[in-house]
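This report describes selected features of a single protein chain, going from annotated segments to a sheet and a helix. The sequence and structure come first.

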Amino acid sequence: MPSSHALAQGAAGASAPERASLKQACRAPAPLGENLETILPTLEWNCDPAPRTVSLDPERIVLRFDVSDSEGGDRLAWFLTDRSRFEAVTIITESLDGSLSARRWLHGEGEHSKAGAMVKFPLRDRTQEARYIYVAIDRPTTLASIRRAQLAENDPIAVPATQAKTLLIAALCGLLIMPLFFNVAFYRVLQQRFVIWHGVLTTAVLLTILVDSGVITFFLPLGVSFLATADAFMLGMAVAVGGMFGWTFLDGSRLDSRLRLAFPIAAAWMAAVSVLHAAFPFALRPWHHSLYNAAFVPVLAIFIIMLFAAMRRGSREARVQLMGWSMVLVAVAMTMTDHFIPFASSFDLMTLFYVGCTMGTAVASFGVADRMMVLKHQRDKARTEARLLEKLSERDPLTGLYNRRVVEERFMELRRGGYSALAVLDLDNFKSINDTFGHAVGDEVLRIVGASLNNEEGVLAARMGGEEFLLLVEGEGPAIEAERLRLAISAQIHDQLRLPRAVTASMGIVVAPGQTLSEMGFTQMYDRADRLLYEAKASGRDRTMSEHLKAFEPRRDKNRRREDRRQAA
């Protein structure tokens, strides 16, 4: 009958001695309160290497490694197993003469292994005289504690294949740092919530890979128990953050609002499950870890259903995200069906998971960039339309001149800028032009007036309504400049339209220097100019009435005047 104890050896180099490791062992359940050295001969051993035969039902599981029948067994120095939580390990060495020596370690007393999420405990100094090495694992919470158990000569990181895998994981972590810088740049352009959630998602995925792979132990001296708790917490939180990212990222118009609420609900569920899983690792043992894995199933199903529902409504973001995270979904599905698919355990699922997470985050980054470009285009278009509407609301569509609101709102600012005169100009008998020549000719007359007033330096013109216009004039001699423009209007209309009758204009102008009358408002000056306009109309039209205002110092009181007389005398 062939032995069930196999020695796996990895080459460390062409001329270097081969690294010895013993990975397969017989298993036996044992009561937790009994003395191990006493009950070892009575244990019933199961040497079937099939993963399906491993069970977490016993409170204590004892592994038996046959080192006397293994090449290189005398060089074995460490017991390694998965870093997931268990209460303690007891290592018993049985010598060739049948004597036993035992030592017990709590979970947190182990040392980090650089090869993935593993913990290691030292064997006794001399194993060349040992026949069997027994390892009792008390209250294991995951099957990985049994399946990954092995004896080794040194840390597996010394194996070139493991070194290459570690370098690959480090490179993936480096790639995950770049999206964080992109998120900062994106958020400065458009302050959208999904950019923040993508940054949190990238950070969560990065920490999950660093902690789960053990790469973080190269940089930080973190305890084994702390990292085991972080393992239990980080993955679920990453999924929860992914749900919040999907909730804020997918276009609301592509998904039913009630269906969309499933994202934050699933995220809250995963966050609660992760906290409970990390805080109470031994609760409901041996079903604890299976229940934790089962909690992912409805959440992942909800995410997939949401993405397909959004895709049916034409969501490009959903299609890209589903493609990006497909590798992660495959790795998760294979992990959950490990007991049912015979070949699943032959794949390096965790490396597939790390690569999938990195690829999914990178694709999500491209999706965020694409969405940012779409939002930026929409924002720029909205701003352009707003500026256009604002421009249209400020300008008279027929003449191209400003309207009254613009001048009235900015009047005091314009006064401080040097505009010292306000004129109101009105075309004479304009109604008869419409009645005689038609409204098309009347509109053309107004366009000519607007064109003649619009490009004059030192003059700001506005159409007040109908045939009435307002001029603000700056510089020296503003009344003379305004009169020149009034006369030029008649000449322009005659030159362009050749009407059988002259089109004239009347004007009232008020000159109030800003240095002395800086507080004179729009209504005061407009009312004065309007009255002067009607005086010009009443005086026969085709003329200008002007008024120059001056400011005087207020009269001083009588006591002050008497004081001045006495000083003068």
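## Annotated segments

Residues 194–220 are 74% helix and 0% strand, with their end C-alpha atoms 31 Å apart. Residues 290–310, by comparison, are 100% helix and 0% strand, and here the end C-alpha atoms lie 31 Å apart. Both spans are among those that an unreviewed UniProt entry lists as "transmembrane region"; UniProt positions follow the numbering used here, feature names are shortened, and annotations may be inferred rather than shown by experiment.

## Basis of the model

The model is predicted, with local features requiring pLDDT of at least 70 and side-chain atom pairs counted only at pLDDT 80 or more, while totals for chains, interfaces and linings use all residues. Residues are numbered from 1 along each chain as its sequence is written, and side-chain values use heavy atoms, leaving out hydrogens and water.

## The open sheet

Six strands (DSSP runs of E, at least two residues, numbered from the N terminus) make up an open sheet of mixed pairing, in the order β12-β14-β15-β13-β16-β17. Strands β12 (402–403) and β17 (544–548) are at the edges, each with a single partner strand, so one side of each has no neighbour in the sheet. Strand β12 runs parallel to β14 (residues 459–465), joined to it by two bridges, where pairing requires at least two DSSP bridges; Y402 stands opposite A462 in β14.

## Helix α17

Among the residues buried in α17 (under 20% relative accessible area, 1.4 Å probe, protein chains only) are F522, Y526 and L533. On the other side of α17, Y534 and A538 are exposed, meaning over 50%.

Definitions and conventions. Helix = DSSP H or I, 4+ residues; strand = E, 2+ residues; numbered from the N terminus.
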